[in-house]
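Thanks for coming, everyone. Let me put the model up, and then we'll walk through its charged pairs, one helix packing and one histidine.

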Amino acid sequence: MPNTLKVKDIPYFIKVAGCNHCKVFRSYTSLTGTEYGQNHALHAKCVHMGCDRYGHNVLAPFITPREYLRIGLNTGLRHQAVARAKKVIARFSEFYDTKGKLKPWVEEAILEERAKRG
């Protein structure tokens, strides 16, 4: 791995490619029927997984840079989407390239971890 970071250093929400792929987020939206409300057991899981430490949880989900761009193109809010994507890329530049794609070492590390789990 050319990067000094290890697989365990990759935030969970990046590993699952955004909160919308997280089991906790899916459970939350299934239970409440919406993305808003209170469910402390699930908020605690966000803290346990470390996502909350970065400011992301079921009420403030992490959206990948590529997803921001897709949403922006589909809604006509391209300018705002590009600005948000750039902020995510800047904050997590060790994991994303300048186009919002995961860096190769991150993709490899995630694939290896998934293969180990079966």
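First, a cut-off. Buried here means under 20% relative accessible area, exposed means over 50%, and partly exposed is what lies in between. Keep in mind that this is a predicted model.

Now take Lys15. Lys15 sits in helix 1. Is it buried or exposed? Its relative accessibility is 17%, so Lys15 counts as buried. What does its side chain do? It makes a polar contact with the side chain of Glu113, at 3.3 Å. That pair is also a salt bridge, N to O, at 3.3 Å. Look at where the partners come from. Glu113 belongs to helix 6, residues 104-117, while Lys15 belongs to helix 1, residues 12-15. They are 98 residues apart, so this pair links distant parts of the chain.

Stay with Glu113. Its relative accessibility is 23%, and because the buried class stops under 20%, Glu113 counts as partly exposed. Glu113 has a second salt bridge, with the side chain of Arg117, at 2.9 Å from N to O. Here both residues lie in helix 6. They are 4 residues apart, about one turn of the helix. Arg117 has a relative accessible area of 63%, so it is exposed. Put these together, and Lys15, Glu113 and Arg117 are linked in a network of salt bridges. Follow the accessibility along that network. Lys15 is buried, Glu113 is partly exposed, and Arg117 is exposed.

How many salt bridges are there in total? The count comes to 3. The one I haven't shown yet joins the side chains of Arg70 and Glu67, at 2.7 Å, N to O. Both residues are in helix 4, residues 65-75. They are 3 residues apart, so about one helical turn separates them. Arg70 is partly exposed at 42% relative accessibility. Glu67 is partly exposed too, with a relative accessible area of 22%.

While we're on helix 4, look at its packing. Which way does it run against helix 5, residues 78-91? The two axes come within 8 Å and cross at roughly 175°. Angles over 145 degrees count as roughly antiparallel, so that is what helix 4 is to helix 5. Who makes the contact? From helix 4, it is Pro65, Tyr68, Leu69, Gly72 and Leu73. From helix 5, it is Arg78, Ala81, Val82, Arg84, Ala85, Val88 and Ile89. By type, the contact residues divide into 9 nonpolar, 1 polar and 2 charged.

Last stop, His56. Where is it? His56 is in the loop between helix 3, residues 40-48, and helix 4. Buried or exposed? At 12% relative accessibility, under the 20% cut-off, His56 counts as buried. Which residues does it touch, leaving out those up to four places away in sequence? The list is Phe13, Cys51, Pro61, Phe62, Arg91 and Phe92.

Quick recap. A salt-bridge network links Lys15, Glu113 and Arg117. Arg70 and Glu67 pair up within helix 4. Helix 4 is roughly antiparallel to helix 5. His56 is buried in its loop. That's the tour.

How values were computed:
Residues numbered from 1 in each chain as written. Predicted model: local features only at pLDDT ≥ 70, side-chain atom pairs only at ≥ 80, totals over all residues. Heavy atoms only, no water. Salt bridge = Lys/Arg side-chain N within 4 Å of Asp/Glu carboxyl O. Helix = DSSP H or I, 4+ residues; strand = E, 2+ residues; numbered from the N terminus. Buried < 20%, exposed > 50% of the residue type's maximum accessible area, 1.4 Å probe, protein only. Polar contact = N/O pair within 3.5 Å; in protein donor to acceptor, adjacent residues only side chain to side chain. Axes fitted to C-alpha atoms, helices over the stretch in contact; angles between N-to-C directions. Parallel < 35°, antiparallel > 145°, perpendicular 65-115°, else oblique. Contact = heavy atoms within 4.5 Å. Nonpolar A, V, L, I, M, F, W, Y, C, P; charged D, E, K, R; others polar.
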